[in-house]
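These notes are for a colleague opening this model for the first time. They take the points one by one, with the sequence and structure alongside.

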Amino acid sequence: MKITIDNNAGFCFGVTKAIETAKEHLQKNETLFCLGELVHNDEEMKLLKDNGMKIIHHNDLPIINDSVILFRAHGEPETSYKITKNNHNDILDATCPIVKQLQQKVINSYHNGEKIYIYGKKTHPEIIGIIGNINNDAIVFDNIEQINNINELTEITLYSQTTMIPDAFENIIKQIEDNGVKVNAVNSICASVHKRIDVLKEFCKQQEIVIFVSGENSSNGKSLFSICKTANPNSHLISSVNDIQKSWFTDCDFVGISGATSTPIEQLEKVAKFITDFHTSQ
């Protein structure tokens, strides 16, 4: 059996920066509070928690004082900064630069009086951070049926959550335009996500079976796995080696392993070793 790890997989730039920022602070043996789950990866989160990082939520902010609080790559609304600073806390801002840029573009559109629509997940922390900066004055949707008044619209400004699939965004633009709406679309999808699509498709097509590793809460992971499943129906989504079924590999010679932008290469290597060990023991 030949096992190949996707060399385009691994942490994206934003996640890498956030984790490095957390680890550098934890090495000082100082308490670090993280506002929300730093990365949608159970194994990485356990490692950080074991080293002293504590997860807090927005309703905890008013009661934490004189501490250090990490803002993760997803970004935060201005209210989080104000509350944190007013309580004399230091902020470690690990917001992804691409998300920061998107936040500012949306703020500019808001001040220009534009009708803002965002293709993304309403409950995703990146979206919550973005619309929190504009008094939640935006329509967030992940399929066109959620735009209730589409026949009454004449012109909108359309953004996308940075982790959405480019082809799906283009399809959404076309669907809205087909309803007679002028769409001023802003390409806000992360370039690293965009670049991964074609190479991931090719990688999956070259394998008999694909194991895709992602945290259960990763929006990016779910999107990329849908790409895998389309390119190779014999693809399986797992969050750890505990999810692997040995029956998947019966009469299989070529196995590919890939993962979300929140899945480290080390975890993919762990999966590869697990498969190798049980295969050679048979």
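1. Lys-23 is a convenient place to begin. This residue counts as partly exposed, because its relative accessibility is 34%, a value that falls between the 20% and 50% limits. The model is a predicted one.

2. What does Lys-23 pair with? Its side chain meets that of Glu-44 in a salt bridge, with 3.4 Å from N to O. Lys-23 belongs to helix α1 (residues 13–26) and Glu-44 to helix α2 (residues 42–50), so the bridge ties together parts that are 21 residues apart in sequence. Glu-44 has a relative accessible area of 9% and is therefore buried, whereas Lys-23 is partly exposed.

3. Helix α2 also holds Glu-43, which forms a salt bridge with Lys-270 of helix α9 (residues 265–280). The closest N and O atoms of this pair are 3.6 Å apart. Here the link is between distant parts of the chain, 227 residues apart. Both partners are partly exposed: Lys-270 has a relative accessible area of 45%, and Glu-43 has one of 32%.

4. A further salt bridge joins the side chains of Lys-174 and Asp-178, at 3.0 Å from N to O. Lys-174 counts as partly exposed at 48% relative accessibility. Asp-178, at 55%, counts as exposed because its value is over the 50% limit. The count for the structure comes to ten salt bridges, and the pairs described in these notes are among them.

5. Gln-161 deserves a separate look. Is this residue buried or exposed? Its relative accessibility is 0%, so it counts as buried. Gln-161 lies in the loop between β8 (155–160) and α6 (166–177).

6. The side chain of Gln-161 has polar partners. One of its polar atoms lies 2.9 Å from the backbone nitrogen of Lys-121. The side chain also makes a polar contact with the side chain of Thr-163, again at 2.9 Å. Leaving aside neighbours within four places in sequence, the residues in contact with Gln-161 include Ile-118, Tyr-119, Gly-120 and Lys-121. His-124, Glu-126, Ile-127, Ile-189 and Ser-219 are also in contact with Gln-161.

7. Some of these contact residues come up again in the largest pocket. Tyr-119, Lys-121 and Ser-219 are in contact with Gln-161, and they are also among the residues that line the pocket. The rest of the lining is Asp-142, Met-164, Ile-165, Ala-168, Asn-217, Lys-222 and Ser-223. The pocket has a volume of about 180 Å³. Which element gives the largest share of its lining? That is helix α8 (residues 219–231), with three residues. By class, the lining divides into four nonpolar, three polar and three charged residues.

8. The structure also holds one cavity of 30 Å³ or more. About 300 Å³ of space lies in the largest cavity. Its lining has 23 residues, and those nearest its centre are Cys-12, Val-15, His-74, Thr-163 and Thr-261. Elements giving two or more residues to this lining are α1, α4 (97–111), α7 (191–205) and α8. The lining consists of ten nonpolar, twelve polar and one charged residues.

9. Thr-163 appears twice in these notes. Its side chain makes the polar contact with the side chain of Gln-161, and Thr-163 is one of the residues nearest the centre of the largest cavity. Helix α8 likewise gives residues to the lining of the largest pocket and to that of the largest cavity.

Methods
Residues are numbered from 1 along each chain as its sequence is written. This is a predicted model: local features need pLDDT of at least 70, side-chain atom pairs count only at pLDDT 80 or more; totals for chains, interfaces and linings use all residues. Side-chain values use heavy atoms; hydrogens and water are left out. On a 1 Å grid over the protein atoms alone, a cavity is a set of points where a 1.4 Å probe fits but cannot get out, and a pocket is an open set with protein on both sides within 12 Å along at least five of seven lines; lining residues have an atom within 4 Å of a point. Grid points are joined across faces, edges and corners, and a volume is the space filled by probe spheres set on the points. Helices (H or I, at least four residues) and strands (E, at least two) are DSSP runs, numbered from the N terminus. Ala, Val, Leu, Ile, Met, Phe, Trp, Tyr, Cys and Pro count as nonpolar, Asp, Glu, Lys and Arg as charged, and the others, Gly among them, as polar. A salt bridge is a side-chain nitrogen of Lys or Arg within 4 Å of a carboxyl oxygen of Asp or Glu. Buried means under 20% relative accessible area, exposed over 50%, partly exposed in between (1.4 Å probe, protein chains only). A polar contact is a pair of N or O atoms within 3.5 Å; within protein, one must be able to donate a hydrogen and the other to accept it, and residues adjacent in sequence count only if both atoms are side-chain atoms. Contact means heavy atoms within 4.5 Å.
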